[in-house]
Amino acid sequence: MATDALAAALAGAWRLDAYVDVTDGLVEEGPLGPTPAGLLIYTGCGRVSVSMMRTDPGPPAPGGQVVRFMGYAGTWWLVGRHVVHQVDVASHDYLVGTRQVRDLALDGDLLTLSGRTPPGAGPPRRRVLTWRRATGGPR
């Protein structure tokens, strides 16, 4: 799919189906638990917004806090089969000003974004997020 056609196909809203970590081929629960919820919005004018949350109580992390919400917004563009998110605002300070590059696979109404964790962020792993095109209004 040509870049312009791919960009047009990405525009819209997407609901999070799954968020997993893959380490040495082993699929594990992601940081937002077994049943995360999320919304990803790509606008046709190059804006992106990502909001994701844990839906179960979750185990406390060191220090007693549970990661319940992750989100950011900024701009987006395509580079080959990768989507780049330039983060303007975020729930985590360390994300502001960064470029988040994700491998991209689009199969009809199913979008898979994945990327490797940065060096120093624990064991090397691939984070894989599966999104399904959002349809309709209120449920």
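## Contacts of Val84

Leaving aside neighbours within four places in sequence, Val84 is in contact with Thr75, Trp76, Trp77, Val79, Arg99, Gln100 and Val101. The model in which these contacts occur is a predicted one. Val84 belongs to strand E6, which covers residues 82–90. With a relative accessible area of 6%, Val84 falls under the 20% limit and is therefore buried. The C-alpha atoms of Val84 and Val48 are 9.9 Å apart in space, while the two residues are 36 apart in sequence.

Val79, one of the residues in contact with Val84, is placed in strand E5. Its relative accessible area is 45%, so Val79 is classed as partly exposed. From Val79 to Val101 the C-alpha distance is 9.2 Å, with their positions 22 residues apart in sequence. Val101 is likewise among the contacts of Val84.

## Overall architecture

The secondary structure of the chain consists of 1 helix and 9 strands. In sequence order, the pattern reads α-β-β-β-β-β-β-β-β-β. The chain has 139 residues, of which 33% are buried. Among contacts between residues at least 6 apart in sequence, 42% join residues at least 24 apart.

## The aromatic pair

The structure contains 1 aromatic pair. The ring centres of Tyr42 and Trp76 are 4.7 Å apart and the ring planes meet at 55°, so the pair is tilted. The pair links distant parts of the chain, since Tyr42 lies in strand E3 (residues 37–42) and Trp76 in strand E5 (residues 69–79), 34 residues apart. Both Tyr42 and Trp76 are buried. Trp76 also appears among the contacts of Val84.

## The nonpolar core

In soluble globular proteins, nonpolar side chains tend to be buried together. The largest nonpolar core of this model has 24 residues. Those with the most contacts inside this core are Leu40, Tyr42, Met52, Leu111, Leu113 and Trp131. Strand E5 provides the largest share of the core, 4 residues.

Tyr42 thus takes part both in the core and in the aromatic pair. Leu111, another of the core residues named above, touches Leu10, Trp14, Leu40, Tyr42, Leu104, Ala105, Leu106, Leu129, Thr130 and Trp131, not counting residues up to four places away in sequence. Leu40, Tyr42 and Trp131 are included in that list, and these three are also among the core residues with the most contacts.

## The largest pocket

The largest pocket encloses about 720 Å³ of space. It is lined by 26 residues, and those closest to its centre are Tyr19, Met70, Tyr94, Arg102 and Arg127. The elements that contribute two or more residues to the lining are strand E4 (47–53), E5, strand E7 (99–107), strand E8 (110–116) and strand E9 (126–133). By residue class, the lining divides into 15 nonpolar, 7 polar and 4 charged residues.

Strand E5 recurs in several of these descriptions: it holds Trp76 of the aromatic pair, gives 4 residues to the largest core and contributes to the pocket lining.

## Backbone conformation at Asp24

Most residues other than glycine have a negative phi. In this model, Asp24 has a positive phi, near 50°. Asp24 is found in the loop between strand E1 (12–23) and strand E2 (26–29). Its relative accessibility is 80%, over the 50% limit, and Asp24 therefore counts as exposed.

Note on methods. Residues are numbered from 1 along each chain as its sequence is written. This is a predicted model: local features need pLDDT of at least 70, side-chain atom pairs count only at pLDDT 80 or more; totals for chains, interfaces and linings use all residues. Side-chain values use heavy atoms; hydrogens and water are left out. Rings of Phe, Tyr and Trp (its six-membered ring) pair if their centres lie within 6.5 Å; planes under 30 degrees apart count as stacked, over 60 as edge-to-face and the rest as tilted. Buried means under 20% relative accessible area, exposed over 50%, partly exposed in between (1.4 Å probe, protein chains only). Contact means heavy atoms within 4.5 Å. On a 1 Å grid over the protein atoms alone, a cavity is a set of points where a 1.4 Å probe fits but cannot get out, and a pocket is an open set with protein on both sides within 12 Å along at least five of seven lines; lining residues have an atom within 4 Å of a point. Grid points are joined across faces, edges and corners, and a volume is the space filled by probe spheres set on the points. Ala, Val, Leu, Ile, Met, Phe, Trp, Tyr, Cys and Pro count as nonpolar, Asp, Glu, Lys and Arg as charged, and the others, Gly among them, as polar. A nonpolar core is a set of buried Ala, Val, Leu, Ile, Met, Phe, Trp, Tyr and Cys residues joined through side-chain atoms within 4.5 Å.
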